[in-house]
Amino acid sequence: MLLGEQEQFLSYNGEVLIFQLPKPKHVEGAADKTVNLCVRRMAFDRDTKLFVQKSSGVFSMRASHLKIEIICCSCTTDSRTGIILPCVLMKKKKRNNVVKYLLLLLHSSNQFEQSFHFKLDYELKEDIRLFTGPSVLWRHANKLFYISCDTCTVLSAPVQLSSVVWTGKIEDEGTVVLGIRTACLPESEDDDEFSTSDRAIWGSEFFGYAIETQKMLTGTCFMPHAYSRVVSSVYVCKNEILKKQLRISLVAITQKNQLIWFQDGLPKGVCELPYEKPCSVKTAVTSSNDLLFIVSFASGNICVVQRRHSLQVASKWQKVKSVLVDDFIGSGSEQLLLLFKDDSNTDVLSTFKITDLGAVNYASGINYKHDVPAAEGLQENGLFTVQALETRLQAGCTSVQELQQHLRLKKRVILESCRALIDLVEGRTHILPTAKEVKCRREYRSLLNSAEPFEGLVSLWDDVESPPHSLSKETSLASKVPEHFTEKLWQRVMGDSLVVGVKLTESFYLSLSDVSLSLVMRQDFSSISPIIECRNKIIKLNKAASALAVSSCQIEPPPKKMKLDLHSKNDLNKEFPKRCSRVQLDGAKTVIAVTNLSPLLAFHRVCCIVLLHAKKQKHPNDSLQESKKITVHCGKILLSLEDISNGKYSVKMRRDNSYCTGSMEDILAVLAVSVRFSFQIVSSDCTLTPVKSWLLGEMECTPFKECHDNIFCHKAGNVYGTVFNWTLKNPFEGVLTLFCRNLTVLFQCLHSLTRVLPPSCDVKLLRSGSKGVLTEQLALALEKEMLTLRSSFFSKESKAENSLTCGKEPGKKIIDAPVASLLDSEEGVQQFRKTLQNEREESMLSMNQTMNGALYQEIALQIAEAQLSSDRIVWRLS
């Protein structure tokens, strides 16, 4: 360090901040002197075991007739942002005994910010503290003063005190100052008699003062008043409110060279310190979760007290310039950084030591004869700790190996399943290895002494040579589906997305539900899954209707009404299956899959099989019969980097007079990769004619030639490619639907729209379409729910009637004769009794009908699906 240079050290986020203030320098052509406050950010390099400079900053001050000094530095919270920042308190002393103080904040860009300044007619010398705000607190003439960035005015606390031993945060109280003052004996006898006797005997007491609330706190919750004559510094380790009482844990250093641990105002442990005149105490939490107390002494010595079963000195050092606590090596726990005095070297970080009294121990240029070795008990505890850690490490390695083996097995299962799926689609028979083959492979692997175990995959039916029945059944089912159901297969590239679409024929899509697409790579990759992750959309796009792009699981019932003859069960049973088959996909003609393009281009050339999964509705007499799951092979798509570079699959949107000439596939691709947002716009004072002018004018939109209701934005910039749909219900209300790439484009469009709308307009985001459409859909969903319940009841009733009819003896008819004629003879009485018994049994059966489990499951599933659909629409309306 140069002669006359001031220096302060501060730790911040694992870095060491060095604040240096050299002598003033003359600037050429200026009468004033300039002083530069320099800061250097130093970080520890674990490779070189040295501190290296990461960045630096300078704050220039004019020093004409002034003496500038660094008073103190600390890390405090900026109340404007809640971020902890380093701050420095500077002093400028003038000749007329007026002292000016500046508080500077250091930002991450190494730029200094002057938070506030104030002037005093005396110098700050006693108990100077920096705390949240930032704020400055000090003691002068046994009075407490403070100033913050909010007030910028020096305030005085209404207390008399002889010293400040701690300043910090207390729960529910804010910033609290713990000090010592002359005892104020109470006049009443209600106070605790032990506290009163302590104050009377020692003549002094502890007290707490909350700065924000200007409230006095009882000092006995910190420690007894008997210690007020000897305590010089305090560090509060923990404070909390339990059962409406303040619970505090703290350590205090005394003038008797002791460190005392207090819990809820009572002493719990004491440790004799090795040196005299302790000044301050701070804490550190190491990687072994040990709590260390670092005590600094006026002579420049440092000792560390460890708290386990009892308080004991763990280590001590001499000739220490500064001690800092932070995570300097980036291990996730705290360490001590000791900076030693070395007059032979001007580099401030040339002689240092980083330690946590455990595994971390980095040193450079230390004179080890001043180091006192740790106690033998600590070394023994360290040995036990290392042995326990080794045992945990071995157990962890074993667990990792088991997990790796399990993951390899799951990977083999997934790859084998993918190969089986490919064989299923292409009509081949997939045969799994038998148990005998796997056993031979394992024996062969053991002969090779392979370290990696072999996990074989065998069929659950090892004794069956042919494929399982379900697999062959699905294969035959997929092969029986006619190919003419798929009208067209196409693909487009939109940015980093691959869009694959399948257009279905009219006779096919009307009998399907739960439709989705899958892409399977034909290449046999041993390290990756051939199944391509993609998201599905079903898009309806007609020339006379608006475009809808929704997920396949969000399709709502069609706008159709049914006339039901409640007295005719046959008509109901015939009509209900048709409604079930059409309700999911009425009007949906194109199924689209969207996936990320860049992972596929890593293979340069890819061939993918396109599969369509759906439920094909049956049409039996029983309306509750479950539908069949089918898989349709729609074709193959080829993808190469050369074709994409040549723009073979690019979307082409051009202007032709007043129309956009994109093909239907291009329009569907744009809608598929876009996110849909609908807004209801209501104007109470003016008509909404500016919306259409805004679309055609400022946004430069043109309608699609294929569907006029949707218009394409040709405006240059981020909004290019956005699709709009403007539906005007009446001159004062309309719905604007946007299909945009991301939220940024949406915000830009809305910002532009709000500038042309009247100020009285109300713009509301719709969850799914307008309120009127959702209301109609809710009515249809509730109608479907009612029909499902009624159909399940009629189905149960018809089955019960059939069972009762079958229970009667054929050929016999109940005699409908007068009762008196039957009772004339014994045979008539027996016949009447038998007839009465049969009628009673039939009545009991009709009142106590039963149902088998399969029928009950089908009915419950139908009812649950109907209720789920209506509940979903109610949620959208709410």
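The exercises below, each with a worked solution, concern a predicted model of one protein chain.

**Exercise 1. Overall make-up**

State how many helices and strands the protein chain has, what share of its residues is buried, and how its contacts are spread along the sequence.

Solution. Begin with the secondary structure: the protein chain has 15 helices and 46 strands. Next take burial: of the 878 residues, 42% are buried. Then turn to contacts between residues at least 6 apart in sequence: 55% of them join residues at least 24 apart. Finally, the exposed area of the protein chain is about 48,600 Å², and carbon and sulfur atoms supply 52% of that area.

**Exercise 2. Two phenylalanine pairs**

Classify the ring pairs F51–F352 and F59–F112, and locate each partner in the strands.

Solution. The structure holds 15 aromatic pairs. A pair of rings is described by the distance of the centres and the angle of the planes.

Step 1. For F51 and F352 the centres are 5.0 Å apart and the planes stand at 80°, so the pair is edge-to-face; the cut-off for that class is over 60 degrees.

Step 2. F51 belongs to strand 5 (residues 50–62) and F352 to strand 28 (residues 352–355), so this pair ties together parts 301 residues apart in sequence. Both rings belong to buried residues, F51 and F352.

Step 3. For F59 and F112 the centres are 5.8 Å apart and the planes make 50°, so this pair is tilted. F59 is in strand 5 and F112 in strand 9 (residues 112–120), 53 residues apart, and the pair links distant parts of the chain. F59 and F112 are both buried.

**Exercise 3. Other aromatic surroundings**

Which residues form one aromatic cluster, and which arginines lie over the face of F207 and of W261?

Solution. The cluster consists of Y101, F116, F118, W138 and F145. Over the face of F207 lies R181, 4.9 Å from the ring centre. Over the face of W261 lies R307, 4.0 Å from the ring centre.

**Exercise 4. A six-stranded sheet and its helix**

Work out the strand order of the open sheet that contains strand 41, name its edges, and describe the helix packed on it.

Solution. Step 1. The order of the six strands is 42-43-44-45-41-46, and the pairing is antiparallel.

Step 2. Strand 42 (701–703) and strand 46 (762–766) are the edges, since each pairs on one side only. From one strand to the next the twist averages 30°.

Step 3. Within the sheet, strand 41 (residues 675–682) is joined to strand 45 (residues 733–740) by eight bridges, and the two run antiparallel. One register point is S678, whose bridge partner in strand 45 is T737.

Step 4. Helix 10 (residues 689–696) packs on the sheet and touches strand 42, strand 43 (710–713), strand 44 (723–730) and strand 45. The direction of helix 10 makes about 160° with that of strand 44.

**Exercise 5. Buried elements and a buried lysine**

Is K92 buried or exposed, and how many residues of strand 36 and helix 9 are buried?

Solution. Step 1. K92 lies in strand 7 (residues 84–93). Its relative accessibility is 12%, so K92 counts as buried, the cut-off being under 20%. Leaving out residues up to four places away in sequence, K92 touches M61, R62, L66, K67, I68, V98, V99, K100 and L102.

Step 2. In strand 36 (residues 590–596), six of the seven residues are buried, so the strand is largely enclosed by the rest of the structure. Strand 36 pairs with strand 31 (residues 497–504) in the antiparallel sense over seven bridges, and L498 has T595 as its bridge partner in strand 36.

Step 3. Helix 9 (residues 664–673) is mostly covered, with nine of its 10 residues buried. Among them are E665 and D666.

**Exercise 6. Backbone exceptions**

Where is the cis peptide bond at P134, and what are the phi values of A141 and N142?

Solution. Most residues other than glycine have a negative phi, and most peptide bonds are trans.

Step 1. The cis bond joins G133 and P134, with omega about 0°. P134 is in the loop between strand 10 (126–131) and strand 11 (135–140).

Step 2. A141 has a positive phi, near 55°, and is found in the loop between strand 11 and strand 12 (143–148). With 55% relative accessibility, A141 counts as exposed.

Step 3. N142 has a positive phi, near 60°, and is found in the loop between strand 11 and strand 12. With 37% relative accessibility, N142 counts as partly exposed.

Terms used: Residues numbered from 1 in each chain as written. Predicted model: local features only at pLDDT ≥ 70, side-chain atom pairs only at ≥ 80, totals over all residues. Heavy atoms only, no water. Phe/Tyr/Trp six-rings, centres within 6.5 Å; stacked < 30°, edge-to-face > 60°. Helix = DSSP H or I, 4+ residues; strand = E, 2+ residues; numbered from the N terminus. Buried < 20%, exposed > 50% of the residue type's maximum accessible area, 1.4 Å probe, protein only. Lys NZ or Arg CZ within 6 Å of the ring centre and 35° of its normal. Pairing = 2+ DSSP bridges. Axes fitted to C-alpha atoms, helices over the stretch in contact; angles between N-to-C directions. Contact = heavy atoms within 4.5 Å. Areas by Shrake-Rupley, 256 points an atom, 1.4 Å probe, with all protein chains shown as cover.
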